[in-house]
Amino acid sequence: MAAITWGLEDGIAVMVLDVPKAPVNTLGRAVKDELIAAFASLEHNPSVRALVFLSGKQDNFIAGADIEEFVRLSNAAESERLSAEGQEMLDRVAAFPRPVVVGIHGACLGGGFELALAAHYRVATDHPKTQIGLPEVQLGILPGAGGCQRLPRLVGLRAALDMILAGKTERSQKAFRLGMVDELVPPSILRRVAIDAARRMADGWRPRRKRPGGFVGFLLEGNPLGRALVARTAQRQLAERTHGNYPAPFAALDAVMYGLRHGMREGLKHEARLFGQLAVTDVSRKLVQIFFATNQLKKDYGIPDPPRPIEVKRLGVVGSGFMGSGIAGTAVAQAIVDVRMRDTDLARVAAGLRTAREVLDDRLKRRRISRYEHARLIALLSGGSGYAGFRRAELVIEAVFEDLKTKQQVLQEVEQVTHDRTVFASNTSTIPISQIAQAGRRPERVIGMHFFSPVARMPLLEVIPGAATDPEVITTAVAFGRRMGKTVIVVQDSPGFWVNRILGPYINEAALIVLEGVAIDAIDSLMVQWGFPVGPLTLVDEVGIDVADKASGVLHAAFGERFAPAPGLATMLKSGRLGRKAGKGFYRYVQGKKKGVDTSVYEELGAHPNGGPRAAEILQRLVYVMLNEAVRAAAEGVVHTPRDGDMGAIFGFGFPPFRGGPLRHADDLGAERLVGELERLAERHGNRFAPSDALREMAARHAKFYP
Ligand code: 3HC
């Protein structure tokens, strides 16, 4: 079956791409060949005055090159060839002897946008599904079908670098403002407007585009000196952002600058060469694996034969603190459901509603929603000091104080006022779900939904079925979590679940290292260099020392000595040094802004920063203690698959994506090496490093998590 069809409408060739049996259009080899043949056959057709290119998919233009195809490539030369072939195809589009107009509706990404860039005029729909951009660097590669050359020539150097180096995708309104597309129309008239534009161009009309980047753009970009300055600034910002862990944005910058210096032809060659090198790097492989794992997780309910989830239209949230209001605000913003909040007194409810509203205000500020949508969404939020409005809720999420009795009481109250099918979810981070469920009349309707703070920003949700939880309750929680925009993993009801279980020993180790005389910021910066977004001590300040202490108490009680909390944390707790929310933790915070290390904390802890162990040793202790626990928990079945474990760590606390997650990283290091190093660490620093049985067994069998 052909992917490309075309017909002639009054001198305008209307070409439609619809890759058969695929949910989205991608530009694989076969499609490329067809496209080249189609353009070649039309080039000499005298009846064709202009060409319009459209997608036949409902809500997708082109999702880019076929990622599955390029991960199969085994060497840089082959990858370079793939990129060069893509460029050739688009050169054909650019050099088509008559005007080419594209009509864009839906995702127009990577190679898809590069095709649009090669065309002579771009019309896009103003629909939210129309997302345009060059996300390649997020896959560890660069736009390799001319994107590094054509985008800066169209929108100016700075705007192009801003997109390409961050792998950004923009909604069509912004794309229009930036000059990435020429015209914006409602979906219903896309085809007509594109054909009209093609007809006008066939009659000799040409679009007049403003000089990209305005006057400052001219000063900065119109001459080699200005461009060198822009490049140097970009280079510096990249170094700060990537800590040298991600080569793709540097290569993309190189490809853009090279093309501006040596011209389009040479630029394209260089771009293909760099694409070839990047596509076979380990970093790119890891990032692509994450892309596919994310897609798999979108369809996985964590149980075999998942029943249909209940469609949630009304959500009840009990507890209007920071978590409760974050859940309420995010649910309204993302899932567009009616949300009713409940807390013990009205003042608290009002504060909670205000906080929930901030999620919507933020979207308005960032122009993600219109004023009208903002007003409509706010109307969905309400609250009270009783359970009025809960009766018809399909899902109730509690986010009250982290205490078993309190949560059990809330469950009983909610059961009184809701119907038999209502799902009750607890946003506990530590308490076993089955224990909460015991107090209820319908334990089969009880489940855990562990959100991370701040809810609006943190991408992970752990869903935790209890021993009696009904499968329909699991699918409902997972489906609703996805509607809230979260990546969801289903984990076992075991102390600390997955994320806190593997985070616990890591944070504890960091606190122990402070006591051994290493500076707080030195530890954090080491881990940031290694690839984490923040270091462990900044993280614990964000989470709150009290929250961390509670979690650590639960883990200690459940798993014994290896989770014994570092002595200093209790001292900090006693003196009210709770982290960011108290204005002081390991760091100082002034009006919500993080300042330097609060040096008085050393005195309080009886620590003397004097250098302590070497950097390599610190790094190894922090990483290995986490990997050891991750392997142990995975073997216990806390996560169903290594994929879930790795995605949980990446999305839950920012485990460096280019390392693929803790279990993939354990594979890369090898179980035997890990066992050897952990034994050495155990000898030196204590039994908490002793390799787990699971790891020893893997080492003996030379086993890996991934094939
Ligand atoms: N290549 C191969 N498969 C792709 C793909 C691509 N570029 N884009 C999407 N798919 C597949 C997904 O894996 C999924 O497959 P499955 O059904 O077998 O799991 C299916 O298409 C549907 O995708 P989603 O579930 O993600 O659908 P959504 O509607 O949620 O999202 C999307 C659609 C926004 C297009 C999203 O899929 C996406 O972001 N895709 C990747 C975009 C991208 O990174 N493009 C750059 C590619 S590299 C490139 O172009 C190089 C060039 O410069 C030379």
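In the predicted model described here, the lining of the second largest pocket is made up, by class, of 10 nonpolar, 3 polar and 8 charged residues. The volume of this second largest pocket is about 480 Å³. Its lining comprises 21 residues, and those that lie closest to the centre of the pocket are Phe176, Arg177, Leu178, Gly179 and Lys210. Three helices each give two or more residues to this lining, namely helix H5, which spans residues 147-155, helix H6, which spans residues 157-166, and helix H7, which spans residues 172-178.

The surroundings of the ligand can be described in a similar way. A shell of 27 residues surrounds the ligand, and the closest of these are Gly111, Glu114, Glu136, Lys298 and Lys299. When the shell is divided by class, 16 residues are nonpolar, 6 are polar and 5 are charged. At least two residues of the shell come from each of helix H2 (67-71), strand S6 (107-109), helix H4 (111-118) and helix H13 (282-299), and among the contributors it is H13 that gives the most, with 5 residues.

Several individual atom pairs link the ligand to the protein. A polar backbone atom of glycine 111 is found 2.8 Å from an oxygen atom of the ligand, while an N or O atom in the side chain of glutamate 114 is likewise 2.8 Å from an oxygen atom of the ligand. In the case of glycine 144, a backbone N or O atom lies at 3.1 Å from a ligand oxygen atom. Of the 990 Å² that the ligand exposes when taken alone, the protein buries 73%.

Helix H13 also borders a loop with an unusual backbone angle to report. Aspartate 305 is located in the loop between H13 and strand S11 (314-318), and this residue has a positive phi of about 45 degrees although it is not a glycine.

A further backbone feature concerns the peptide bond that joins serine 453 and proline 454, which is cis, with an omega of about -5 degrees. Proline 454 belongs to the loop that connects strand S16 (446-451) with strand S17 (460-465).

Finally, a hairpin is formed by strands S19 and S20, with 2 residues between the strands. Strand S19 covers residues 587-590 and strand S20 covers residues 593-597, and the two pair in the antiparallel sense over 3 bridges. Tyrosine 589 has lysine 594 of S20 as its bridge partner, and within this hairpin glutamine 591 adopts a positive phi near 45 degrees.

Methods. Residues numbered from 1 in each chain as written. Predicted model: local features only at pLDDT ≥ 70, side-chain atom pairs only at ≥ 80, totals over all residues. Heavy atoms only, no water. 1 Å grid on protein atoms, 1.4 Å probe; cavity = no way out; pocket = protein on both sides within 12 Å on 5 of 7 lines; lining within 4 Å. Points joined across faces, edges and corners; volume = space filled by probe spheres on them. Helix = DSSP H or I, 4+ residues; strand = E, 2+ residues; numbered from the N terminus. Nonpolar A, V, L, I, M, F, W, Y, C, P; charged D, E, K, R; others polar. Near = heavy atom within 4 Å. Polar contact = N/O pair within 3.5 Å; in protein donor to acceptor, adjacent residues only side chain to side chain. Areas by Shrake-Rupley, 256 points an atom, 1.4 Å probe, with all protein chains shown as cover. Pairing = 2+ DSSP bridges.
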